[in-house]
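Subject: Structure for your review

Dear colleague,

Please find below the structure that I am handing over to you. My notes on what was found in it follow directly after it.

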Amino acid sequence: VLDESRSEFVSNVSHELKTPLTSISGFAEMMENGMADNSQDVRRFAGRIYTQAQRLIALTDDIIRLSRIERADLTENVPVELRALCDRAVETLRFTAEQKQVEIAVTGGPAPVRGDRQMLDELITNLMDNAVKYNRPGGRVDVSLSVQDGLVCLRVADTGIGIPKEHQERIFERFYRVDKSRSKASGGTGLGLAIVKHIVELHSGKIALHSVPGEGTEITVTLPSYVRRAAVSIAEGTDR
Ligand code: ADP
């Protein structure tokens with residue numbers, strides 16, 4: 001079973017890489033054959049080559065990241081405050097959100113967990129990035145944090161295009177995209193949610209999806225909360 005999914009992955013990767021490469025090769029060939037005979041054409045063709053090369057870089061970056069995460073145990077296991085990561089993600093996404101006329105709000109916290117800071121950052125950024133990317137002009141992204149029964153709950157809700165029922169189970173698979181052209185147009189690789197799912201599993205968490213086409217999507221991640229046992233260490237200190 002492992003071998004099968006491995007060879008399927010290799011064939012998917014090859015296909016994903018081949019598309020931009022074919023287009024880069026095509027434009028370069030046209031230029032070589034003198035089909036760009038003024039500086040405006042040259043610039044236009046170079047622009048296409050640049051865009052496709054950027055796409056290749058995004059793809060290989062995500063593939064490297066995913067395989068690193070799939071191989072890794074937690075490389076770092078430190079206290080991390082999710083509210084701080086959410087606030088930072090808002091800053092990172094501010095420009096894209098403004099351009100898409102999507103408003104982002106974060107509520108709740110503190111929400112302390114233990115884990116790998118960089119991975120948790122990536123988890124949150126990926127979810128919020130999708131919530132902006134698959135939204136509509138004038139839409140909203142609401143991120144909320146809460147703690148209950150020893151679990152931290154991170155909820156990312158958007159008012160976007162939603163995900164049809166028949167696709168909902170599959171969107172966490174590598175390279176799976178509901179609408180390939182929309183995903184590509186916004187720089188998507190189809191690996192974001194596969195990466196998210198692995199990060200959640202590495203942190204002994206759970207992920208749940210609720211989505212209504214045309215209304216929006218809500219993704220909920222629950223992780224064990226981290227409680228600093230200050231009282232205990234003080235007591236231990238005075239004992240000694
Ligand atoms: P991509 O790079 O294409 O965004 P992801 O793995 O992050 O890849 O997501 C997989 C697919 O799931 C997307 O292509 C999109 O079709 C769908 N999707 C993810 N998040 C959302 C969302 N918040 N709203 C609607 N569709 C989404």
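A residue is counted as buried when its relative accessible area is under 20%. L145 has a relative accessibility of 7%, and is therefore buried. Please bear in mind that the model is a predicted one, and that the values in this message were computed from it.

**The chain as a whole**

The chain contains eight helices and seven strands. Its C-alpha trace spans about 85 × 45 × 35 Å along the principal axes. Of its 240 residues, 37% count as buried. Among contacts with a separation of 6 or more, 72% are made by residues 24 or more positions apart.

**L145 and its surroundings**

L145 belongs to strand β4, which covers residues 140-148. Apart from neighbours within four places in sequence, L145 is in contact with L82, R83, C86, T107, G108, G109, A111, C153 and L154. V42 lies 103 residues from L145 in sequence, and their C-alpha atoms are 50 Å apart in space.

Several of these contact partners of L145 appear again below, including G109, C86 and C153. G109 is joined to P110 by a cis peptide bond, with omega at about 0°. P110 itself is placed in the loop between β2 (103-108) and β3 (112-115).

**The cysteines**

How many disulfides does the chain have? The count comes to zero. A disulfide would require a pair of cysteine sulfur atoms within 2.5 Å. For C86, the closest cysteine sulfur is that of C153, and at 11 Å it is too far for a bond. Seen from C153, the closest cysteine sulfur is in C86, again at 11 Å and too far for a bond. C86 is also buried, because its relative accessibility is 0%.

**Packing of helix α7**

Two packed helices are described by the angle between their axes and the distance between those axes. Two such pairs involving α7 are set out here.

The first pair is α4 (residues 117-133) with α7 (residues 192-202): their axes come within 9 Å and cross at roughly 140°. The two helices are therefore oblique to each other, and their crossing is left-handed. On the α4 side, the contact is made by M119, L120, E122, L123, N126, L127 and N130, and on the α7 side by G192, L193, I195, V196, I199, V200 and L202. By type, the residues of this α4 and α7 contact comprise ten nonpolar, three polar and one charged.

The second pair is α2 (residues 39-71) with α7, whose axes are 10 Å apart and form an angle of about 20°. Helix α2 is therefore roughly parallel to α7. This crossing of α2 and α7 is left-handed. Here D62, R65, L66, I69 and E70 of α2 meet A194, I195, H198, I199 and L202 of α7. The contact of α2 with α7 consists of six nonpolar, one polar and three charged residues.

**Loops and helix α5**

The loop between α6 (180-185) and α7 holds G187. With a relative accessible area of 44%, G187 is partly exposed. The C-alpha atom of G187 is separated by 9.9 Å from that of T51, a residue 136 positions away along the chain.

On the other side of α7, S204 lies in the loop between α7 and β6 (206-212). S204 has a positive phi, near 55°, in a residue other than glycine. Is S204 buried or exposed? It is exposed, with a relative accessible area of 59%.

F175 also has a positive phi, of about 70°, although it is not a glycine. F175 is placed in the loop between α5 and α6. At a relative accessible area of 6%, F175 is buried.

Finally, Q168 is part of helix α5 (residues 165-168). Q168 counts as buried, with a relative accessibility of 13%. Beyond its neighbours within four places in sequence, Q168 is in contact with I163, L209 and S211.

Yours sincerely

Conventions. Residues numbered from 1 in each chain as written. Predicted model: local features only at pLDDT ≥ 70, side-chain atom pairs only at ≥ 80, totals over all residues. Heavy atoms only, no water. Axes fitted to C-alpha atoms, helices over the stretch in contact; angles between N-to-C directions. Helix = DSSP H or I, 4+ residues; strand = E, 2+ residues; numbered from the N terminus. Parallel < 35°, antiparallel > 145°, perpendicular 65-115°, else oblique. Left-handed = near helix turned anticlockwise from the far one by under 90°. Contact = heavy atoms within 4.5 Å. Nonpolar A, V, L, I, M, F, W, Y, C, P; charged D, E, K, R; others polar. Buried < 20%, exposed > 50% of the residue type's maximum accessible area, 1.4 Å probe, protein only.
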